[in-house]
Each structure stands twice: as C-alpha cells, then as structure tokens.
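Biologist: I have a new model to learn from, and I'd like to understand the words people use for it. Could you take me through some of them?

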Amino acid sequence: MARILHRFAVPLAAFVISASAASAETLRTLYETMRMDELIEIMQLEGVAYGDELGADMLGNSSGAGWPRVVARIYSVERMETEFLTEFERRLEPRHIAPLIAFFGSDQGREITNFEVSARRALLDEDVEATAKQIWQDLEGEIDPRLDIIERFVTVNDLIEANVAGTMNSSLAFYEGLATGDSEALGLTPDRIMSLVWEQETEIRANTREWVYPFLTLAFEPLSDADLEAYIAMSESEAGQALNTALMGAFDVLFVDISRDMGTAAAIYMQGEDI
C-alpha cells in the first residue's frame, strides 16, 4: 500500500490543493451572495458601540483614549471575516453550497437578503429599533397569518435557543478573560463565573426574543407570504439546516474569541495599565 501511494503522491497532492481552492472559491461566492461581508461590517459597528458602553460602565474615565483603539482592534472587520470564514468552511460540507447559492442568488433570494441586511443596518438607529419593537408588540397577540409565518421561521432556524446559548458562551468567555486580571479581588472563581452566567439566562432569553422578533417583523414586512414560505422551505431542507448549523457554529466561535479578548482587555485597563 505504501509503495502504491508513493507513485500517486504528487498528482494526488495537486488534486487536493485544487479541490480545496475550488471549495474555498465556491464558499466565498456563497458568502458574498448572502452579503455576509456587509453583515460582518454591521456586526463590527454593533461591537464597537457595545465596547463604548462597556468602557463607560466598567472603566469610567480610567479607559482613556486608548480603549476605543483596543475595541476597534478586537472588532476588526478583517479579523472577524477571517475567523468566521475559517469556521464556516470547516463546518459546511461542499455538497450543500451549490443549492444555497442557487437560492440566495435567485431574484427571490436576493430580495430576501436585501431586506434582511437593510433591516439589520436600520436597527443600528435606536429610534428605528424602538419603532420595530413597538410594531412587534402591537402585532403580538393578534390573529395574523404573518405571525404564524414568523414563528415558524424562528422555530425552523432555532433562532431563540441557539442565540441564547451563543450569548451565554460569549458571556462565559468574557468573564474568563476578565478573570485574567485580579480575579481574587473581583471574586471571579470558576464557580462564581458559572453562577453569574446562569443568573443571566432569563434576561438573555428575554432580550433575544425582544430583538429577534422585531428584526424579523421589520425585515419581512416588504416580502410576500409566498416569499417567506419559500424561505422556510429552504431552511427546512438539508442544505438549509446545514447552513444554519454552520452559521451558528462559526459565529459562536468568533464571538467567544472576541468576548474573551474584550474581558482580557478590560482586566488590563482595570489594573491601570495600557495596551
């Protein structure tokens, strides 16, 4: 067997490199077709805003001008895109990419993606977010077919449970990063960290619902029921489920890393040091 393998070593290696390059290229096509590059940029803006709030709440005036630079470095678009794509490629099987490109590259898919990205960007404005939440609250409890469609979409894509788990993982990573500082003074023992994370579960779940449903209400408002039924059907498909699992997993890894870095940076600043 070893002798036979040696004969084909060079051409086999060339084939593997070629196949890998092709896979990366098609994955990049899916990434751009879904406009994930724009979504990453929006998430970066969300992250910087969160970093500003964190600096004000935890560090006060001690953070100085250096803190925004640290936050910008941690939430670098280049860093976020590289880490996300690495995990996304590792988790999504190549056989699922073609049907996903076909859906999101269609006129219907592009329209859906356009409204999702536009809604996510619009929610950067606090007034728009407040309006979206009010629209959802007014709609909630009414007898409306659109409510059923949104609920089915949330269920099919596991948007509540997966996001709650991801947020709790990120919270755990943040405290672990923070504990690299004076953990004794902060009382951040491993048991205390786990307790703090689980104490947040109810609030995290409520906040997740209060964001997901208004976002979907805003994003889906211009779409027809037929468009949404097609989107749900795609989400229920093997490729759609594989996509959702890969997206959730890749973002979970990315934001756990970012949150740990944010915790570590905050710990350094709380000790009066600069980065």
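Biologist: Why is Phe220 called buried?

Modeller: Happy to help, and please keep in mind that this is a predicted model. Phe220 has a relative accessible area of 1%. Buried means under 20%, so Phe220 counts as buried.

Biologist: What makes the pair of Phe220 and Tyr231 edge-to-face?

Modeller: Their ring centres are 6.2 Å apart, and rings pair if the centres lie within 6.5 Å. Their planes stand at 70°, and over 60 degrees counts as edge-to-face, so the name fits this pair.

Biologist: Why can we say that this pair ties parts together?

Modeller: Phe220 belongs to helix 13 and Tyr231 to helix 14, so the pair links parts that are 11 residues apart in sequence.

Biologist: How do you know whether Tyr231 is buried or exposed?

Modeller: Tyr231 has a relative accessible area of 7%. The limit for buried is under 20%, so Tyr231 is buried.

Biologist: Now to the charges. Which residues form the negative surface patch?

Modeller: The patch consists of Asp52, Glu53, Asp57, Asp125, Glu126 and Asp127. Helix 3 gives the most, with three residues.

Biologist: And where is Asp125 found?

Modeller: Asp125 sits in the loop between helix 7 and helix 8.

Biologist: Why is Asp125 called partly exposed?

Modeller: Its relative accessibility is 38%. Buried is under 20% and exposed is over 50%, so Asp125 falls in between and counts as partly exposed.

How values were computed. Residues are numbered from 1 along each chain as its sequence is written. This is a predicted model: local features need pLDDT of at least 70, side-chain atom pairs count only at pLDDT 80 or more; totals for chains, interfaces and linings use all residues. Side-chain values use heavy atoms; hydrogens and water are left out. Patches are made of residues with over 30% relative accessible area and no salt bridge: like charges are joined within 9 Å, nonpolar side chains (Val, Leu, Ile, Met, Phe, Trp, Tyr) within 5 Å. Accessible areas come from the Shrake-Rupley method with a 1.4 Å probe; for residues, only the protein chains shown count as cover. A salt bridge is a side-chain nitrogen of Lys or Arg within 4 Å of a carboxyl oxygen of Asp or Glu. Lys and Arg count as positive and Asp and Glu as negative; His and the chain ends are not counted. The place of a charge is taken as NZ of Lys, CZ of Arg, CG of Asp or CD of Glu. Helices (H or I, at least four residues) and strands (E, at least two) are DSSP runs, numbered from the N terminus. Buried means under 20% relative accessible area, exposed over 50%, partly exposed in between (1.4 Å probe, protein chains only). Rings of Phe, Tyr and Trp (its six-membered ring) pair if their centres lie within 6.5 Å; planes under 30 degrees apart count as stacked, over 60 as edge-to-face and the rest as tilted.
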